[in-house]
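Biologist: I am more at home with a pipette than with a viewer. Could you show me how to read a fold, one feature at a time?

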Amino acid sequence: MDGLSNIGVIRDVLSRHGFSFSKALGQNFLVNPSVCPRIAQMGSAGPGFGIIEIGTGVGVLTNELARRAEKVVAIEIDERLMPVLEETLAEHKNVKIINADVMKVDLHKLIDEEFRGLDVAVCANLPYYITSPVIMMLLEQRLRIKSITVMVQKEAGTRLCAPMGSREMGAVTVAVNYFSEPKILFNVSRGSFMPSPNVDSCVVRFDIRETTPPGVTDEKFFFSVARGAFSQRRKTLVNSVSGSMGIDKSVAAAAVQKSGLKENVRPEQLTMEQLIAFSEALREESLG
Ligand code: SAM
């Protein structure tokens, strides 16, 4: 549909369908015409690419993705938007809408069935209430995807893209840096949405690494150590890990020493290599 990101057109479509926004589903729709073309372009939508979109709203981003990519499969949880999308995306024969919760979709199967022979990328203006779980789910599954380009709240973007060893980092930063190279692309003001949220946003891109950092014997254990370390981020690594993982303090202290770290090191001071060395040492200490 032409002019779909125009606020008047969106209002008209939504009111004709008797649609009311759901706060619980994070429904803040983009009404700034310049934003979606940029997300689509920077999110790899182009020839040879299949795009997975999460959360279509009225289809403003879907529309831009469909214009550029070979195929778009969009997952939207809100059944009330299905008749809206039938109207707004009618002209695009390369779009498939799945009415489902993205957390319950088998994405490996979806990629195999829908994107044979195509490179795949994820593009979305994410519902903010599940930003981290969605990103973790996309990364941890090791899907056959090249990149994830998503709009998130500005604060979440800063945390997600924080370099290892910086004050802003958290457990999710570890996962993001382990699986990808993260980058903040551009900021988007709160006035670009309807209804307007209380915070500004930014668009971030995670370029998926072909190989993850070496030295991790058990990924599940490594990420539980990362979560444990950052559960009490201002404490020392020994106190935080022993407190949250139920591991004896002397065992955590031995692992710190074994991995060549200072006794009172804090989680936020660790590089990826140091966290891996600590996790491996902790695994050995607690096994033996
Ligand atoms: N892409 C649209 C835009 O930019 O205007 C809408 C973005 S809005 C921030 C988030 C969308 O995600 C909403 O349409 C909401 O219904 C949908 N959504 C929320 N939770 C979801 C879930 N678990 N799975 C799939 N879609 C979801």
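Modeller: We will go from the whole chain to its sheet, and then to some cysteines. Keep in mind that this is a predicted model.

Biologist: Good to know. How many helices and strands does the chain have?

Modeller: The chain has 12 helices and 9 strands. Its C-alpha atoms fill a box of roughly 65 × 40 × 30 Å along the principal axes.

Biologist: What does the radius of gyration say about the chain?

Modeller: The idea is to set it beside the value for a compact globule. For 288 residues that value would be near 19 Å, and the chain has 21 Å, so the two agree. Burial adds to the picture: 53% of the 288 residues count as buried. The chain exposes about 13,100 Å², and carbon and sulfur atoms supply 48% of that area.

Biologist: And what share of the contacts joins residues at least 24 apart?

Modeller: Among contacts between residues at least 6 apart in sequence, that share is 69%.

Biologist: Now the sheet, please. How do I read one?

Modeller: Strands of a sheet pair through backbone hydrogen bonds, and they can run parallel or antiparallel. Here 7 strands form an open sheet with mixed pairing, in the order E4-E3-E2-E5-E6-E9-E7. Its edge strands, E4 (95–99) and E7 (180–188), each pair on one side only. On average, neighbouring strands are turned by 20 degrees against each other, ignoring direction.

Biologist: Which strand is joined to E7, and by how many bridges?

Modeller: That is E9 (residues 201–208), joined to E7 by 8 bridges, and the two run antiparallel. To find your place in the viewer, look for Phe186, which stands opposite Val203 in E9.

Biologist: Which strands does helix H2 touch?

Modeller: Helix H2 (residues 35–42) packs on the sheet and touches E5 (119–125), E6 (147–153), E7 and E9. The direction of H2 makes about 165 degrees with that of E7.

Biologist: As a biochemist I have to ask: how many disulfides are there?

Modeller: A search of the whole structure finds 0. Cys36 is in no disulfide, and the nearest cysteine sulfur, in Cys123, is 10.0 Å away.

Biologist: Is Cys36 buried or exposed?

Modeller: Cys36 has a relative accessible area of 2%, so it is buried.

Biologist: Why does Cys202 not bond to Cys161?

Modeller: Distance is the reason. A disulfide needs the sulfur atoms within 2.5 Å, and the sulfur of Cys202 is 6.7 Å from that of Cys161, the closest cysteine sulfur, which is too far for a bond. Cys202 also counts as buried, because its relative accessibility is 1%.

Note on methods. Residues are numbered from 1 along each chain as its sequence is written. This is a predicted model: local features need pLDDT of at least 70, side-chain atom pairs count only at pLDDT 80 or more; totals for chains, interfaces and linings use all residues. Side-chain values use heavy atoms; hydrogens and water are left out. Two strands pair if DSSP finds at least two bridges between them. Helices (H or I, at least four residues) and strands (E, at least two) are DSSP runs, numbered from the N terminus. Axes are lines fitted to C-alpha atoms, for helices over the stretch in contact, and angles run from 0 to 180 degrees between N-to-C directions. Contact means heavy atoms within 4.5 Å. Buried means under 20% relative accessible area, exposed over 50%, partly exposed in between (1.4 Å probe, protein chains only). The radius of gyration is taken over C-alpha atoms; the globule rule is 2.2 Å times the number of residues to the power 0.38. Accessible areas come from the Shrake-Rupley method with a 1.4 Å probe; for residues, only the protein chains shown count as cover.
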